[in-house]
Amino acid sequence: MWCLPWRSSSFSIFCATISLMDQLFETGTVVGKKSDTHWAQTIKTPFAFGVVEVEDEEGHAQRVGMDLIHLITKEISEPISSIPHLFAFLDSLWKPHIQTLILCVPMNGTMTIILRGIGVVYLKRNGSIARLRSREGTISGVIHPADVLFLSSKTCLNGVSEEEFFTFFDHLSVEEVAEKLTLHLHTKNDAFGYAGLFVEAKEVSGEVVSDNRMDAKPLNPSIRQRVRFFQHTFRNVKSYCTVFRSVNIRITAVLILLFLVSITIGIIKERSGKVSAEATKTMVEAERLYDEGVALLDLNQIKSKERLSDSKKLIGQAKSLVSLKTKEGRMALDLEKKIIDALSMATKEYEITPELFFDVSLLKTGTTIGSFGMYEDTMALLDTNAKTVFTLSLSTKNGQIVGGGSSLDGSQSVSIHGDNIYIFTSEGIHVFNAKDKTVKPYVIKKAAEWITIKSMISFGGNIYLLDTGKSRIWKYVATGSAFSDLREFLLPDYFPDLSKASNMVIDGSVWLGTTDGSILRFTQGRDDPFITKGVEPSFGKNLMVFTSENCGNVYVLDPDNRRVVVLEKDGMYTSRYIYPTSFAPTHIAVSEKLRKLFFFSEGKLYTTELK
């Protein structure tokens, strides 16, 4: 038999003799894959550790689990004064969805473990391992330096025998043991929603005191011993000085000075210890937020960024409290590096250097790209100065001249649908055929209603014109080889301000970039507000937006912040691409099929790979 000084009860609370101790713990986290129905996480605060596992067949496991952890963390964010009160609080939170709830509370030199639901707690001491708790209830006992506890949720050790699990306890640190166990459990494809926590007691020092001294702050033992020594020395020096005063009274003064200097040094060290303890407490909270942020990476990108950003702020506070050459300082630097790496993963920020993809001057000397249109795998490119229109196959980089000359006098923009390339001019719209390279002039003649046409898009064979001068979107419906008379896309009783629109794209809805940093969306003729979530920092001005019926995302060129931001069509942030300061794109286009992001800059076409 292996005996340990621990006592337990089924639902009663046992409290050992109160002792006052300074404790430092190291932890190793085991958190498995999660699903809508199965979710688990660890809890770590300066005053308690624990694991939670939730199962909900209706798919709300994450919400139930996060709410539970929020309430528990709030309750144990301060020193715990009553274990019975804590047990009653946990009992009030209990729900059928909760599979496991374990809390491990170090308090006054003892460790109290509360287990609700299904779980198991192991203790390793002096090379031996024992199961402390495997059914509901509590257990309390003295914690020793180098003791290692393992708190396991219901699912964590499924499929792992106790003998196999014991092999993971070796000379490695708890963080390395946790990583080793995590990798082993990840090989089991059916393992979802588990959590485990290794807790190792690193330092325990202090003395037993009575209940009425629980709130006292004892002097650091090394300082206390130094004070007693010098008190004794001072008494002896005083008697000797009486005897030898006639010889040299300066000896007394020197010894008294040494005594005062030593006391001063002791006080400074005590204060330094308090600062170090505050830094350690701050780092513990930062590590908890870091663990939560990492666990949320695949579940909720915005909340993951919030946790990691808060963790980074706390590490900054901890670094200001201690020297970076100390143990605590080095720990803060290591954790800061991990937080920065995790933030990079959460923000999905990619630094890019776009490469030249196509230069139209290779087809015709001196030409540049002034306007573009895109349909599936083909781009139509227009040089308004050289009065030339081109097509470019994006998959083969095969370009050709479609037309040019006086028919392009006053040309301003180009669009494409199928083999038809539409050229907007000051007097109307021509259509070029990319196959036979013929042109039909003025299939749509200039209308008296037009004021300032900012953009032209062909969608579904119909033509849409963005008129910023009149704040309207004109629509021409294809009728065989011709087009209908001018119609309004927006409903007659709806009059939005489109004067700040910078470009227009269509995927069924009409999207507008603007010069004031907003993105407008209209569906079936009415405003369809597009609210972005998780974009940091906020958009600058002069936005250019791109999407299409073949794109699952919305891409926003934000020149003020030198980036392209990728959003889901519900406004949720996905990722961003940061380009160099020397690069100045004016428009973008995307082929998700080819996994390419295109930039138009200085009359040429550049590209980078989508991640």
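The following exchange takes up several local features of this predicted model.

Biologist: Which residues of helix H2 are buried?

Modeller: Helix H2 spans residues 83-93, and seen down its axis the buried residues fall within an arc of 160 degrees, so they line one face of the helix. The cover over these residues includes helix H1 (61-75) and the strands E5 (98-107), E6 (110-117) and E9 (137-142). The buried residues of H2 are Ile83, Leu86, Phe87, Phe89, Leu90 and Leu93.

Biologist: At the start of H2, which backbone nitrogen does a side-chain oxygen of serine 82 reach?

Modeller: The contact is made by a side-chain oxygen of serine 82, which comes to within 3.1 Å of its partner at the start of H2. That partner is the backbone nitrogen of histidine 85.

Biologist: Is proline 79 buried or exposed?

Modeller: Proline 79 has its place in the loop between H1 and H2, and its C-alpha atom is 8.9 Å from that of alanine 48, although the two are 31 residues apart in sequence. Because its relative accessible area is 62% and the limit for this class is over 50%, proline 79 is exposed.

Biologist: Which residue forms a salt bridge with aspartate 147?

Modeller: In this bridge the closest N and O atoms are 2.6 Å apart. The pair links distant parts of the chain, with aspartate 147 in the loop between E9 and strand E10 (148-152) and its partner in strand E7 (residues 120-125), 22 residues away. Both side-chain partners belong to buried residues, and the partner of aspartate 147 is arginine 125.

Biologist: How many residues apart are glutamate 349 and arginine 576?

Modeller: The side chains of glutamate 349 and arginine 576 meet in a salt bridge of 2.7 Å, N to O, which joins strand E12 (residues 349-351) to strand E35 (residues 573-578). Glutamate 349 counts as partly exposed at 31% relative accessibility, whereas arginine 576 is buried at 11%. Along the chain, the separation of the pair is 227 residues.

Biologist: What does the side chain of serine 415 reach at 2.8 Å?

Modeller: Serine 415 lies in strand E18 (residues 411-417) and is buried, with a relative accessible area of 4%. Setting aside residues up to four places away in sequence, serine 415 touches several others, including Gly373, Tyr422, Met456 and Ser458. The atom that its side chain reaches is the backbone nitrogen of serine 458.

Biologist: How far apart are the C-alpha atoms of alanine 589 and threonine 547?

Modeller: Alanine 589 lies in strand E36 (residues 587-591) and counts as buried, at 0% relative accessibility. Beyond residues up to four places away in sequence, alanine 589 touches Phe372, Met374, Met379, Phe546, Lys596, Leu597, Phe598 and Phe600. Threonine 547 is 42 residues from alanine 589 along the chain, and their C-alpha atoms are separated by 7.8 Å.

Biologist: What is the accessible area of the surface patch formed by Ile251, Val254, Leu255 and Leu258 together?

Modeller: Within this nonpolar patch, leucine 255 belongs to helix H6 (residues 250-295). Leucine 255 counts as partly exposed, at 34% relative accessibility. Taken together, the residues of the patch have an accessible area of about 340 Å².

Biologist: How many salt bridges does a search of the whole structure find?

Modeller: Salt bridges here include that between glutamate 200 and lysine 202, whose closest N and O atoms are 3.6 Å apart. There is also a network of salt bridges that links Glu285, Arg288, Glu292 and Arg307. For the whole structure, the number found is 22.

Notes
Residues are numbered from 1 along each chain as its sequence is written. This is a predicted model: local features need pLDDT of at least 70, side-chain atom pairs count only at pLDDT 80 or more; totals for chains, interfaces and linings use all residues. Side-chain values use heavy atoms; hydrogens and water are left out. Patches are made of residues with over 30% relative accessible area and no salt bridge: like charges are joined within 9 Å, nonpolar side chains (Val, Leu, Ile, Met, Phe, Trp, Tyr) within 5 Å. Accessible areas come from the Shrake-Rupley method with a 1.4 Å probe; for residues, only the protein chains shown count as cover. A salt bridge is a side-chain nitrogen of Lys or Arg within 4 Å of a carboxyl oxygen of Asp or Glu. Helices (H or I, at least four residues) and strands (E, at least two) are DSSP runs, numbered from the N terminus. Buried means under 20% relative accessible area, exposed over 50%, partly exposed in between (1.4 Å probe, protein chains only). A polar contact is a pair of N or O atoms within 3.5 Å; within protein, one must be able to donate a hydrogen and the other to accept it, and residues adjacent in sequence count only if both atoms are side-chain atoms. Contact means heavy atoms within 4.5 Å. The arc is that of the directions from the helix axis to the C-beta atoms.
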